[in-house]
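User: I am new to this structure. Can you walk me through how to read its features?

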Amino acid sequence: MPKQSAGILVYRTLNNLVQVFLVHPGGPFFRNKDNGNWSVPKGEYDTSEDPLKAAQREFEEETGQTIDGDFITLQPIKYKSGKIVNAWAVEGKPEPGLVKSNFFEMEWPPRSGKMASFPEVDRAEWFDLKMARQKILPAQIPFIDELEQLLSAS
């Protein structure tokens, strides 16, 4: 069974412009990487867990904020690695300046024998859809495309 992740694509409309809330991964490998590295807040979950509840849990773990509302199921994405990412869109107002992520540990510097702690997410921002397509992982662009189609149809 391939690994599965669940995430939430939060959107808002500001001055008649749709924006989405994306997070930037923490840790030393992403410190100087920007375009093509942002993501919807997401994480892996166990098959015994409800995917939407997992997405909400991951959102809170990565941002320190809770999210609720009328969730719209988006089409799952399959990464080249085989991992399946399930996502939901929801209108919301998380605050980038209040992001407080959980931490992970890894050996750093490599082969040093020293463990260091890093936030899973080091920052978050609101982006209009055009900029979001530049910032987000290329494999996640279909989430933005589908959200745009759904919002233009309503």
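Analyst: Gladly. One caution: this is a predicted model. Start with one residue and its contacts. Leaving out residues up to four places away in sequence, Lys3 touches Glu44, Gly82, Lys83 and Ile84.

User: Where does Lys3 lie?

Analyst: Lys3 is in the segment before β1.

User: Is Lys3 buried or exposed?

Analyst: Read the relative accessibility. Exposed means over 50%. Lys3 has 53%, so it counts as exposed. For a distance, take Lys3 and Gln75: they are 72 residues apart in sequence, and their C-alpha atoms are 16 Å apart in space.

User: How do I read Val20 in the same manner?

Analyst: Val20 sits in strand β2. Buried means under 20%. Val20 has 0% relative accessibility, so it counts as buried.

User: What does Val20 touch, not counting residues up to four places away in sequence?

Analyst: Its contacts are Leu9, Val10, Tyr11, Glu125, Trp126, Phe127, Leu129, Ala132 and Leu147. Ser5 is 15 residues from Val20 along the chain, and 19 Å separates their C-alpha atoms.

User: How should I think about a core?

Analyst: In soluble globular proteins, nonpolar side chains tend to be buried together. Here the largest nonpolar core has 19 residues. Those that touch the most other members are Leu9, Val20, Leu22, Leu74, Ala132, Phe143 and Leu147.

User: Which elements give two or more residues to this core?

Analyst: Three strands and two helices do: β1 (4-14), β2 (17-25), β6 (84-91), α2 (129-135) and α3 (141-153). A second, separate core has 15 residues, including Ile8, Tyr45, Phe59 and Trp88.

User: Leu74 was among the well-connected core members. What does Leu74 touch, beyond residues up to four places away in sequence?

Analyst: Leu74 touches Leu9, Ala87, Trp88, Ala89, Phe143, Glu146 and Leu150.

User: How do I read aromatic pairs?

Analyst: A pair of aromatic rings is described by the distance of the centres and the angle of the planes. A search of the whole structure finds five pairs. One of them joins Phe21 and Phe59: the centres are 6.0 Å apart, the planes are at 45°, and the pair is tilted.

User: Why does the pair of Phe21 and Phe59 tie together parts that are apart in sequence?

Analyst: Phe21 lies in strand β2 and Phe59 in helix α1 (residues 51-63), so the pair ties together parts 38 residues apart in sequence. Both Phe21 and Phe59 are buried. With Trp126, they form one aromatic cluster.

User: What about Phe29 and Trp108?

Analyst: Their ring centres are 5.5 Å apart and their planes stand at 85°, so this pair is edge-to-face. Phe29 is in the loop between β2 and β3 (42-44), while Trp108 is in the loop between β7 (103-107) and β8 (115-119). The two residues are 79 residues apart. Trp108 has 27% relative accessibility, so it counts as partly exposed.

User: Can a charge also meet a ring?

Analyst: Look at Lys33. Its charged end sits over the ring of Phe30, 5.9 Å from the ring centre.

User: Last, pockets. What is the volume of the largest pocket?

Analyst: About 400 Å³. The largest pocket is lined by 23 residues, and the closest to its centre are Pro25, Ser39, Lys42, Glu62 and Glu120.

User: Which elements give two or more residues to that lining?

Analyst: β2, β3, α1 and β7.

Conventions:
Residues numbered from 1 in each chain as written. Predicted model: local features only at pLDDT ≥ 70, side-chain atom pairs only at ≥ 80, totals over all residues. Heavy atoms only, no water. Core = buried A, V, L, I, M, F, W, Y, C linked by side-chain atoms within 4.5 Å. Buried < 20%, exposed > 50% of the residue type's maximum accessible area, 1.4 Å probe, protein only. Helix = DSSP H or I, 4+ residues; strand = E, 2+ residues; numbered from the N terminus. Contact = heavy atoms within 4.5 Å. Phe/Tyr/Trp six-rings, centres within 6.5 Å; stacked < 30°, edge-to-face > 60°. Lys NZ or Arg CZ within 6 Å of the ring centre and 35° of its normal. 1 Å grid on protein atoms, 1.4 Å probe; cavity = no way out; pocket = protein on both sides within 12 Å on 5 of 7 lines; lining within 4 Å. Points joined across faces, edges and corners; volume = space filled by probe spheres on them.
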